[in-house]
Amino acid sequence: MSAPIHYQKPQHVSISPLLKRLAYPATERRVEASEIASAFALIFEDGISHIQTAALLTLLHSTGLDRDAEVIAKCSHRMREAARQVDRPTLTAAIKSRAKKEGNYRGGLCDIVGTGGDMHSTFNISTTSSIIASPLLMTAKHGNRAQTSFSGSADVLNAITPVPPKIGAVNAENLPQVYAETNYSFLFAPNFHFGMMYADPVRRGLGLRTIFNLMGPLANPVDWAIEARVVGVAYQSLGPVFVEALRQNGCKKALVVCGEEDLDEISCAGKTNCWQLSEYPNPAYDGSQDDDCSCDEEENPRTLVKMETFQLHPSDFGLPTHPLSDVGGRKMPKDNAAKLMSILRNELPRDDPILSFVLMNVGALLTVSGICDADTSNMGPGDDGQVITERGPGGGRWKEGVRRARWAIESGAALKSFEHFIEVTNRL
C-alpha cells in the first residue's frame, strides 16, 4: 500500500527587510512601488505569514503609501495577474459577436464601480447603473459582498426575487459563454480572485480600511478588455490618485468621480468633482495595429490620452437636485433588490429621487464610453431619434446620456437584458 499523500503548506518568505525600510523611512533606503507589489504577489500565493501581511498593510496605511498612485497601480496589476485568467481570444470573439459600435464607442466592455467607505449608505447605484447601460454597452460589473455598507453589489443581486441570477456560477472558464448570449455579466470577485482568501482573515482582524479597498475597483479580472469605466472614490484627495493609477494601467476612457459630500458616486444633491481620462487621435499612428476594444498600451497606439478636471451638477444632466437623505436610508439587500426591480420595470415616477440619482450615473457611463457622440440614434422601439447634441463640462453630452438611459428603462430593454442574464446564469 502506498503511503498517504499529505498536503504541505507552502514555506513562507520573510519580508522583514521591506517592513523595516517602511517603518524607518528616514534611515533606510526608499521603498519602490515595485517592491511593495512583489510583496502583494506573495500574499496571493500564501507566501508570507498573516503577521507580516498585517504589518505590511498597517505600515502602508501609516506612511500614506497605500494612497500613492504608482503603488495602487502596481499592486492592482499583481492582483489581476494572480486572478483566474479568462481565455482572451475566446472572450474577444464573444464580445465582438454581440457588441454594437456607435459614436466613439468601439464595442468593448464597460464597468462602473466605487471604492465604498463614504459612510452615506446610499442605494446600490453602480450595480443598477451597470444593468441599465447593458442594452447599449457590453457591461462587466466587478463586485463583491458588502464591505463598508449594508448592501453590497453581490448582496443585492442575490436578493432578487423570484429567481436571482446565479452569480456564483460565472467564472473564468465560462465567462466567454455568458457573453456569447448576453451583454451583461457580474464578475463576483471571489470566483476570480482566489488569492484573496489568504488576505481576508487579516483584513477582518485589522478592522480598518486598507489598500485592498482601493485596489478592488482596479482589479477587474478582464481589465484588458475594459474600454471605458466610471470609478467613484470616497474622498476628494483620492481623485487625482485614482485617475493617475488608471493612466499608469493604460486606461484611456475613464471618469473618476467624488460628490462634494465625499460620496463615491455622481451626487444627486449638488456638485461632483471629476477627473477624466479621454482619448484623441495619435497623429503618428500608422494603422498597423488592430483596432481592439481594450485599454492595453501599444507601441504605436491609435489614440493618445489626456486628463482634465471639472465639476458636474444634476442640471448638466437636465435633472433636479435631491438631498442624499432621499436616496439613502441604510436599506437591507432585499429592500434594495425590490427597488432595483421597480426601476427596471419602469414603475417609478419620472421625478423619483433614486431614479434621478441612477440616471445621472448611467448617463455618465454612456457618455464616457463615447456612444453619446453619435449624431444619429436608432436604439430600437420607443427611440424618437432626437439626439441631444448639447455638450457640458468636459465636453460630454451628459443630457444625451440620460436620454439613452431613460430609453433603456422605459422601452423595457434594461429589464430584458437583466432577465436574460438571470436565465443564462441559471443554465450554467
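## A tour from ring pairs to the domain interface

Searching the whole structure turns up 5 aromatic pairs (Phe, Tyr and Trp rings, the last by its six-membered ring, with centres within 6.5 Å; planes under 30 degrees apart are stacked, over 60 edge-to-face, the rest tilted). Before you click further, note that this is a predicted model, where local features need pLDDT of at least 70, side-chain atom pairs count only at pLDDT 80 or more, and totals for chains, interfaces and linings use all residues. Residues are numbered from 1 along each chain as its sequence is written, and side-chain values use heavy atoms, with hydrogens and water left out.

**Stop 1: a ring pair.** Select Phe40 and Phe212, an edge-to-face pair with 5.4 Å between centres and 65° between planes. Because Phe40 belongs to helix 2 (residues 33-43) and Phe212 to helix 11 (residues 211-215), the pair ties together parts that are 172 residues apart in sequence. Helices (H or I, at least four residues) and strands (E, at least two) are DSSP runs, numbered from the N terminus.

**Stop 2: the two domains.** Now colour domain 1 (15-82) and domain 2 (88-192 + 200-286 + 300-427) separately; these bounds come from an automatic or database domain assignment. Their C-alpha centres are 30 Å apart. Where they meet, 22 residues of domain 1 are in contact with 19 residues of domain 2 (contact being heavy atoms within 4.5 Å).

How much area is buried between domain 1 and domain 2? The figure is about 1,800 Å², with 78% of it from carbon and sulfur atoms; buried area is the accessible area (1.4 Å probe) that two parts lose on being put together, summed over both. Show Leu57, Ile72 and Arg80 as sticks: they supply 33% of the area that domain 1 buries against domain 2, more than any other three residues.

**Stop 3: across the interface.** Keep Arg80 on screen and add Asp223, since their side chains meet in a salt bridge (3.9 Å, N to O). The rule, a side-chain nitrogen of Lys or Arg within 4 Å of a carboxyl oxygen of Asp or Glu, finds 1 salt bridge across the interface of domain 1 and domain 2. Helix 3 (50-63) and helix 4 (69-82) are the elements that give two or more residues to the side of domain 1 that touches domain 2. Helix 4 provides the largest share of that side, 10 residues.

**Stop 4: another salt bridge.** The count of salt bridges comes to 23. One to select is Arg106 with Glu279, at 2.7 Å, N to O. Arg106 sits in the loop between helix 5 (88-98) and strand 1 (109-114) and Glu279 in strand 6 (residues 272-281), so this pair ties together parts that are 173 residues apart in sequence.

**Stop 5: two backbone details.** Go to Thr161 and Pro162, where the joining peptide bond is cis, with omega near 0°. Pro162 is in the loop between helix 7 (153-158) and helix 8 (175-179). Finish at Asp46, which is not a glycine yet has a positive phi of about 60°; look for Asp46 in the loop between helix 2 and helix 3.
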